[in-house]
Amino acid sequence: MANTSPGAPVFYGQDAYDNLNVYLTENKASQIFILVDSNTHNYCLSAFMSKLHTDSPIEVIEIEAGEENKNLDTCNQVWNALSELGADRKSMILNLGGGVVTDLGGFVASCFKRGISYINIPTTLLAMVDASVGGKTGVDLGNLKNQIGVINNSQMVLIDSAFLNSLPANEMRSGLAEILKHGLISDEGYWNKLIALADLNLEDLDEIIEESVKIKADIVAQDPEEKNLRKTLNYGHTLGHAIESYFLTHTTKKSLLHGEAVAAGMVLATYISSTLKGFPQEKLKQVTSSILNMYGKIEFSQGDIQEIIELMKYDKKNEYGKINFVLLEDIAKPHIDCLVPNEVIFDAFIFYRKF
Ligand code: NAD
């Protein structure tokens, strides 16, 4: 069933399981399908099942882990599995996983028999603070990110940071990029707090996750269809997605996670902001050094840069053939729909390389 409300309720910790169990009692599903990938099957499923209390029959559907599987072939496999297992319009999907599982599972649910209910239980930092919230669902088309999809909210989002105990460090860093983005686009105090934290421990994390979810959910509630304000959440993503796609297809290159590409994209966008919107120079240095300290530097050759700029033509945020950037006049002062000449993008890469 399509959920067009401005946002799904988000619950945390034990409260999340209590709300889930009440919801499942009040909205009895004919069958519950838990969608996992190979890793969340191993690390998260049994802990989750031990907290789930329902009379509805439960089936587990597993997909292969990784962005390279976020495509229509995998959707087909899940739709076939649902069909063979007798799913009907009163069935429900629980997406237990990172952004790949929540994006793909949300899309699968939104299309199956014209839409069945789904609930997101994110298990990566990135999915907790970003992918599972806001109703965007979808899959990649070849190497082009998120080209196929719909906006359709889950019934609720359940966040249990205990899942992060098994998450590898590079995946934690990937999620942190979206958290940093929330600071840059909307709250300088939050940004300063984040860069002051030398190390993230789980206690800080609970607070930070809630703060970031609130920032994202507030923005989405004001502009669910991404006509204006919601576009600010794409800060660093225009170049970030192109970098991510480029590295995904060039197997000789070091593999890059979504957040790592977005982190580089944010440095580049901040440089472009300083050139075109007067973003303060000293803050450009602070943003750049903070991000490079956390993420290191990606090597870009002249040829890489050219191909990455070429790839931006396919960014799904483009309108009327124009590449739209989000830029900042200052921290927490975003501008949307900014056109950026290619020379300035080249200059940004040169700045990044030399810094
Ligand atoms: P992911 O789902 O691929 O998860 C990263 C890796 O961690 C995978 O190998 C996964 O199997 C593993 N994993 C997940 N939970 C684990 C756990 N608790 N312990 C151990 N391993 C675990 O990737 P991601 O970074 O979570 O999400 C990236 C995706 O999210 C991208 O496809 C991106 O486009 C999408 N995204 C969507 C939105 C949105 O608004 N819909 C926003 C941001 C990103």
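This is a short conversation about the ligand and the aromatic pairs in a predicted model.

Trainee: What makes the approach of Asn39 to the ligand a polar contact?

Mentor: A polar side-chain atom of Asn39 lies 2.8 Å from an oxygen atom of the ligand, and since a polar contact is a pair of N or O atoms within 3.5 Å, the pair qualifies. An N or O atom in the side chain of Lys145 is likewise 2.8 Å from a ligand oxygen atom, while for Asn146 the value is 3.4 Å, which is also within 3.5 Å.

Trainee: How much of the ligand does the protein bury?

Mentor: Taken alone the ligand exposes 870 Å², and the protein buries 91% of that.

Trainee: How do you know that the ligand lies between domain 1 and domain 2?

Mentor: Domain 1 (10–167) and domain 2 (170–354) both give residues to the shell around the ligand, and therefore the ligand lies between them.

Trainee: Why is the aromatic pair of Tyr17 and Phe48 called tilted?

Mentor: The angle between the planes is 45 degrees, and because planes under 30 degrees apart count as stacked and those over 60 as edge-to-face, with the rest tilted, this pair is tilted. Tyr17 lies in helix H1 and Phe48 in helix H3, so the pair ties together parts that are 31 residues apart in sequence.

Trainee: Why is Phe107 called buried?

Mentor: Its relative accessible area is 6%, and because buried means under 20%, Phe107 counts as buried.

Definitions and conventions
Residues numbered from 1 in each chain as written. Predicted model: local features only at pLDDT ≥ 70, side-chain atom pairs only at ≥ 80, totals over all residues. Heavy atoms only, no water. Polar contact = N/O pair within 3.5 Å; in protein donor to acceptor, adjacent residues only side chain to side chain. Areas by Shrake-Rupley, 256 points an atom, 1.4 Å probe, with all protein chains shown as cover. Domains from an automatic or database assignment. Phe/Tyr/Trp six-rings, centres within 6.5 Å; stacked < 30°, edge-to-face > 60°. Helix = DSSP H or I, 4+ residues; strand = E, 2+ residues; numbered from the N terminus. Buried < 20%, exposed > 50% of the residue type's maximum accessible area, 1.4 Å probe, protein only.
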